[in-house]
Amino acid sequence: MRCKRCRGPAVVEVRRHNAAFCKRCFPEVVTEQVRKAIRRFEMFDRGDRVLVAVSGGKDSLALWDILLDLGYDVTGLYLGLGIGEYSDRSHDIAEAFARARGAELRVVDLAEAYGFDIPTAGRRGSRSTCAVCGLSKRYVFNAAALDGNFDVIATGHNLDDEAATLLGNILRWNTEYIARQTPLLPARDGFVKKVKPLHRLSELETAAYAFLRGIEYVVEECPLVAGNTQLRYKDAMNAIEATSPGTKAQFFLGYLDRGMPLFAQNDDDVVLQPCGSCGHPTTGRFCAFCRARAQILGRRLDGPIPDDDREVVRASSDEVMPAEIYGRTA
Amino acid sequence: MRVTLRNPDREVDLPGGRPIREVLDELGIDGDTVLVIRDGELVTRHDHVGHDDVLEIRPVISGGADEV
């Protein structure tokens, strides 16, 4: 195969574009897709301080690399999840990338800062370890962005992620989630603006970019991800893509063009108030993160559980156990 | 030809001298879900692999937080 741009030997095939690219042109093609995404959704400007959520994986490191090359003011944030050697290696890789690029990496350790790690959350009766992980990441990234006066949080969500998420939300008709699945969530009331600059790129493209740029990233899968719903949706989308190249892009990018307006909701009707425990914005008395944390640590949100207060704890279990994470109690 | 597969990590010996897409078909692997690295260089499924080549087949699909 020949590179579509320069006719040199191709090393990456992008079937949905019916094209292939050489090792010199492909990183430029990827960078242009990111530039296009930033421009179309007005994600951030040169003067903005960008906080990139870094996991040590291919997507977040590729994103960080691209944004640094484009000259943006970008700092990385790594959240230590406490998943044994997997987290240790992820952290080491993120640090190595930062050193090599002369970039700043901030680190938050979930256990040190909040008293629990993800394996603990999984053992304490959670039906979805991945859901608690995602909740923790969103909470900590927002908190760190606020504390550090960052203008925007950038995450490495790619086209495969977005297509699988959209599929799952449509299968369950989670219309509120569908409405919020945009490459840009504006800032409001204690929530920092969030953007997904890689949303036009498939996982194959981000992986190939990272490889061609010589970026070492974590290849091994998270040991806690087995049976993850997201992976099943990705498998389904890839099965369709194999026989109909371009389906994922048509599905998600088509949703952005033609579907999103149909699901748009007016957030002005949503009243946010400070969480009674941490002060972060929430629609209820306590935010989902604080409720999950209290359940994991076996605490009442307004203090430790007295021995003679178990009945109150049982009665208030719905309050401290977020149903959207752990499911309805019996 | 030695083939290294990842996630889980394992090695297999397969005959070379054919297009990489045939190797992927034999292993039951969708070519759009992996990087194929021949002797340290990225290649496409249309390229050929020799009998003495070393191939790494690296999955690109990652799990993630269940945001649905």
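Me: How many salt bridges are there between chain A and chain B?
Reply: Keep in mind that this is a predicted model. One pair to look at is A:Arg15 and B:Asp32, whose side chains meet in a salt bridge at 3.0 Å, N to O. Between chain A and chain B, the count of salt bridges is three.

Me: Which element gives the largest share of the side of chain A that touches chain B?
Reply: Several elements of chain A give two or more residues to that side, among them β1 (12-14), α2 (58-69) and α10 (229-243). The largest share is seven residues, and it comes from α10(A).

Me: What percentage of the area that chain A buries against chain B do A:Leu204, A:Phe211 and A:Val219 supply?
Reply: Start with the whole contact: about 2,800 Å² is buried between chain A and chain B, with carbon and sulfur atoms giving 54% of it. Now take just the area that chain A buries against chain B: A:Leu204, A:Phe211 and A:Val219 supply more of that than any other three residues, namely 21%.

Me: How many disulfides does the structure hold over all chains?
Reply: Let's check two cysteines against the cut-off, which asks for sulfur atoms within 2.5 Å. For A:Cys278, the nearest cysteine sulfur is that of A:Cys290, 3.7 Å away, so there is no disulfide there. A:Cys287 misses out too, because its nearest cysteine sulfur, again that of A:Cys290, is 3.6 Å away. Over all chains, the number of disulfides is zero.

Me: Is A:Cys287 buried or exposed?
Reply: Buried means under 20% relative accessible area. A:Cys278 has 29% relative accessibility, so it counts as partly exposed. A:Cys287 has 5%, so it counts as buried.

How values were computed: Residues are numbered from 1 along each chain as its sequence is written. Chains are lettered from A and ligands numbered from 1 in the order in which they are written. This is a predicted model: local features need pLDDT of at least 70, side-chain atom pairs count only at pLDDT 80 or more; totals for chains, interfaces and linings use all residues. Side-chain values use heavy atoms; hydrogens and water are left out. Buried area is the accessible area (1.4 Å probe) that two parts lose on being put together, summed over both. A salt bridge is a side-chain nitrogen of Lys or Arg within 4 Å of a carboxyl oxygen of Asp or Glu. Helices (H or I, at least four residues) and strands (E, at least two) are DSSP runs, numbered from the N terminus. Buried means under 20% relative accessible area, exposed over 50%, partly exposed in between (1.4 Å probe, protein chains only).
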